[in-house]
Amino acid sequence: LSERFALLNMSVAATEAPPEIDNLYLDMNGIIHNCTHANDPNLKLTEAEMVVRIFTYLDKLIQIIKPQKLVFMAIDGAPGPARGARRAAVREHRNST
């Protein structure tokens with residue numbers, strides 16, 4: 001994608017105006033994960049607190065990027081049982097070494 005769309009990974013200094021962006025496509029899985037618990041098993045939030053954190057983050061992104069036409073948020077479900085088991089096995093192996 002980076003080769004086809006050169007501005008996809010463009011760095012913008014804090015002092016310069018960002019380029020005009022028509023469409024903003026977001027993979028919400030990472031946003032939801034980081035806003036609800038990240039990698040901190042001790043973080044306990046209510047559902048309302050999680051929603052507030054997610055929408056606060058989205059508001060910041062949209063205010064910074066200022067998409068002109070579209071904001072597309074993609075959310076998929078939980079991984080299937082086989083994928084979940086494979087991830088658990090990898091985590092267990094990583095923690096045992």
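This section describes the overall form of a predicted model and several of its local features.

The secondary structure of the protein consists of 3 helices and 2 strands. Read from the N terminus, these elements follow the order β-α-α-β-α. Strand β1 covers residues 23–27, helix α2 covers residues 47–65, strand β2 covers residues 70–74, and helix α3 covers residues 81–96. The C-alpha trace spans about 45 × 35 × 25 Å along its principal axes. The radius of gyration is 17 Å, whereas a compact globule of 97 residues would have a value near 13 Å.

Buried residues account for 11% of the 97 residues in the protein. The surface exposed by the protein amounts to about 8,300 Å², and 57% of this area is supplied by carbon and sulfur atoms. Of the contacts with a separation of 6 or more, 64% are between residues 24 or more positions apart.

The structure contains 1 aromatic pair. It is formed by tyrosine 25 and phenylalanine 72, whose ring centres are 5.8 Å apart. The ring planes meet at 50°, so the pair is classed as tilted; the tilted class lies between stacked pairs, with planes under 30 degrees apart, and edge-to-face pairs, with planes over 60 degrees apart. Tyrosine 25 belongs to strand β1 and phenylalanine 72 to strand β2, so that the pair links distant parts of the chain, 47 residues apart. The relative accessible area of tyrosine 25 is 55%, and this residue is therefore exposed, the cut-off for that class being over 50%. Phenylalanine 72, with a relative accessible area of 43%, is partly exposed.

A nonpolar patch is present on the surface, with an area of about 340 Å². Its residues are Leu1, Phe5 and Leu8. Phenylalanine 5 is located in the segment before β1, and leucine 8 is found in the segment before β1 as well. The relative accessibility of phenylalanine 5 is 41%, which places this residue in the partly exposed class. Leucine 8 is also partly exposed, at 48% relative accessibility. Both values exceed the 30% relative accessible area required of patch residues. When residues up to four places away in sequence are not counted, leucine 8 touches Leu1 and Ser2.

Two C-alpha separations relate this segment to other parts of the chain. Leucine 8 and tyrosine 57 are 49 residues apart in sequence, and their C-alpha atoms are 20 Å apart in space. Phenylalanine 5 and valine 90 are 85 residues apart along the chain, with 34 Å between their C-alpha atoms. Valine 90 is situated in helix α3. Its relative accessible area is 41%, and valine 90 is therefore partly exposed.

A backbone feature is found at lysine 66, in the loop between α2 and β2. Lysine 66 has a positive phi of about 55°, although this residue is not a glycine. With a relative accessible area of 51%, lysine 66 is classed as exposed, because the class begins over 50%.

Technical notes. Residues are numbered from 1 along each chain as its sequence is written. This is a predicted model: local features need pLDDT of at least 70, side-chain atom pairs count only at pLDDT 80 or more; totals for chains, interfaces and linings use all residues. Side-chain values use heavy atoms; hydrogens and water are left out. Patches are made of residues with over 30% relative accessible area and no salt bridge: like charges are joined within 9 Å, nonpolar side chains (Val, Leu, Ile, Met, Phe, Trp, Tyr) within 5 Å. Accessible areas come from the Shrake-Rupley method with a 1.4 Å probe; for residues, only the protein chains shown count as cover. A salt bridge is a side-chain nitrogen of Lys or Arg within 4 Å of a carboxyl oxygen of Asp or Glu. Helices (H or I, at least four residues) and strands (E, at least two) are DSSP runs, numbered from the N terminus. Buried means under 20% relative accessible area, exposed over 50%, partly exposed in between (1.4 Å probe, protein chains only). The radius of gyration is taken over C-alpha atoms; the globule rule is 2.2 Å times the number of residues to the power 0.38. Contact means heavy atoms within 4.5 Å. Rings of Phe, Tyr and Trp (its six-membered ring) pair if their centres lie within 6.5 Å; planes under 30 degrees apart count as stacked, over 60 as edge-to-face and the rest as tilted.
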